[in-house]
Amino acid sequence: MDLEKQPQNPVAPTEYADPAASLRASDADRDRIADILREALAEGRLDAEEHADRIDSVYRAKTVGELEPLVRDLPAVRSAHGQDPYARGAEDPGAPADRLVAIFSASTRKGRWRVGPRTTAFALFGNVEIDLTEAMFGQRLTVINATSVFGSVEVRVPENISMRGGGTGVFGNFEVRTLEAVDPEAPVVVVNGYSVFGNVEAKPKRGKRIADLHERLRKRPGR
């Protein structure tokens with residue numbers, strides 16, 4: 001036998017690969033990563049631009065292996081029993097995002113309603129209106145991902161919360177009026193997204209404030 005013709009150190013190309021990384025990512029996987037990014041934004045570990053870039057990558061990811069690098073430099077999200085004074089005990093961090101869609105139509109959310117941690121708004125030749133001036137915030141950080149194509153997405157918030165965000169307008173307008181609340185524990189609303197031949201606008205509603213801010217946010221269901 002000619003030993004020189006035998007392979008010396010055969011190695012299977014996938015021998016050391018993590019098989020989990022090649023699994024297709026589910027909505028729950030993406031939401032888990034989005035929760036960690038939201039928490040990092042609230043704690044100041046990420047700025048609004050970094051958060052927007054990573055969130056965009058989260059919802060473009062096809063596999064689990066594409067998701068994990070987005071939070072590799074961040075601590076895991078706190079549990080529902082953490083120290084956040086505004087987290088409700090019944091809040092489910094894995095719950096799907098609220099969705100408002102207007103295609104050749106209008107979609108409105110306003111009045112006294114409970115705001116979830118994530119809201120997705122999409123307008124195509126239509127109008128979406130999100131009015132948070134009387135809403136009940138179930139968490140400190142709320143993220144709204146807004147997309148407008150030949151349409152309009154309007155977000156209105158109380159004057160005494162914080163608001164930030166950023167996006168892109170392509171032959172359109174994307175405007176987020178930055179707010180910084182006096183109360184350091186006030187809710188934070190982040191509006192990200194883009195508009196194409198459309199309009200996305202987020203700003204405070206004059207004269208609208210949350211008078212019972214602490215009581216409303218700390219109140220837990222069933223109490």
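1. A quick definition to start: a salt bridge is a side-chain nitrogen of Lys or Arg within 4 Å of a carboxyl oxygen of Asp or Glu. With that in hand, here is something to look up: Glu154, Arg156 and Glu201 are linked in a network of salt bridges. One of the links joins Glu154 to Arg156, and the closest N and O atoms there are 4.0 Å apart. Glu154 is partly exposed at 26% relative accessible area, whereas Arg156, at 13%, is buried.

2. Now the overall picture. What you have on screen is a predicted model. The protein has four helices and twelve strands. It runs to 223 residues, and 42% of them count as buried. If you take contacts between residues at least 6 apart in sequence, 71% of those join residues at least 24 apart.

3. Back to charges for a moment. Side chains of opposite charge can pair when their charged atoms come close. How many salt bridges does a search of the whole structure find? The count is six.

4. Another salt bridge worth a look is Asp131 with Lys205, where the closest N and O atoms are 3.1 Å apart. This pair links distant parts of the chain, 74 residues apart: Asp131 is in strand β5 (residues 127-131), while Lys205 is in the loop between β12 (199-204) and α4 (213-218). Is Asp131 buried or exposed? It counts as buried, because its relative accessibility is 5% and the cut-off for buried is under 20%. Lys205 has 33% relative accessibility and counts as partly exposed.

5. Then there's Glu180 with Arg164, whose side chains meet in a salt bridge at 3.0 Å, N to O. Glu180 sits in the loop between β10 (173-176) and β11, and Arg164 in strand β9, so the pair ties together parts that are 16 residues apart in sequence. Glu180 counts as exposed, at 54% relative accessibility. Arg164 is partly exposed, at 21%.

6. Next stop, the largest pocket, which holds about 700 Å³ of space. It is lined by 26 residues, and the closest to its centre are Ile55, Asp56, Tyr59, Asn145 and Thr147. Which elements give two or more residues to this lining? They are α1 (27-42), α2 (48-58), β4 (118-124), β7 (141-149), β9 (162-170) and β11. Helix α2 has the largest share, with six residues. Sorted by class, the lining has eight nonpolar, nine polar and nine charged residues.

7. Since α2 gives the pocket lining its largest share, the helix deserves its own point. Its buried residues are Ala48, His51, Ala52, Arg54, Ile55 and Val58. An α-helix has 3.6 residues a turn, so residues three or four places apart point the same way. Try stepping along the buried residues of α2, among them Ala48, Ala52 and Ile55, with that in mind. What covers these buried residues includes α1, α3 (64-67), β7, β9 and β11. At the start of α2, look for Asp47: one of its side-chain oxygens reaches to within 2.7 Å of the backbone nitrogen of Glu50.

8. There is also enclosed space to find. The structure holds one cavity of 30 Å³ or more, and the largest cavity has about 30 Å³ of space. Which residues line this cavity? They are Ala34, Arg38, Ile55, Tyr59, Arg118, Val143 and Asn145. Both α1 and β7 supply at least two residues of this lining. By class, the cavity lining divides into four nonpolar, one polar and two charged residues. Ile55, Tyr59 and Asn145 turn up in the cavity lining and also among the residues closest to the centre of the largest pocket.

9. Last, a residue to click on: Asn192, in strand β11 (residues 188-196). Asn192 counts as buried because its relative accessibility is 3%. Which residues is Asn192 in contact with, leaving aside its neighbours within four places in sequence? The list is His51, Ala52, Val143, Ile144, Asn145, Ala146, Gly165, Gly166 and Phe174. Two of these names should be familiar: His51 and Ala52 are among the buried residues of α2. Val143 and Asn145 have come up as well, in the lining of the largest cavity.

How values were computed
Residues are numbered from 1 along each chain as its sequence is written. This is a predicted model: local features need pLDDT of at least 70, side-chain atom pairs count only at pLDDT 80 or more; totals for chains, interfaces and linings use all residues. Side-chain values use heavy atoms; hydrogens and water are left out. Buried means under 20% relative accessible area, exposed over 50%, partly exposed in between (1.4 Å probe, protein chains only). Contact means heavy atoms within 4.5 Å. On a 1 Å grid over the protein atoms alone, a cavity is a set of points where a 1.4 Å probe fits but cannot get out, and a pocket is an open set with protein on both sides within 12 Å along at least five of seven lines; lining residues have an atom within 4 Å of a point. Grid points are joined across faces, edges and corners, and a volume is the space filled by probe spheres set on the points. Ala, Val, Leu, Ile, Met, Phe, Trp, Tyr, Cys and Pro count as nonpolar, Asp, Glu, Lys and Arg as charged, and the others, Gly among them, as polar. A polar contact is a pair of N or O atoms within 3.5 Å; within protein, one must be able to donate a hydrogen and the other to accept it, and residues adjacent in sequence count only if both atoms are side-chain atoms.
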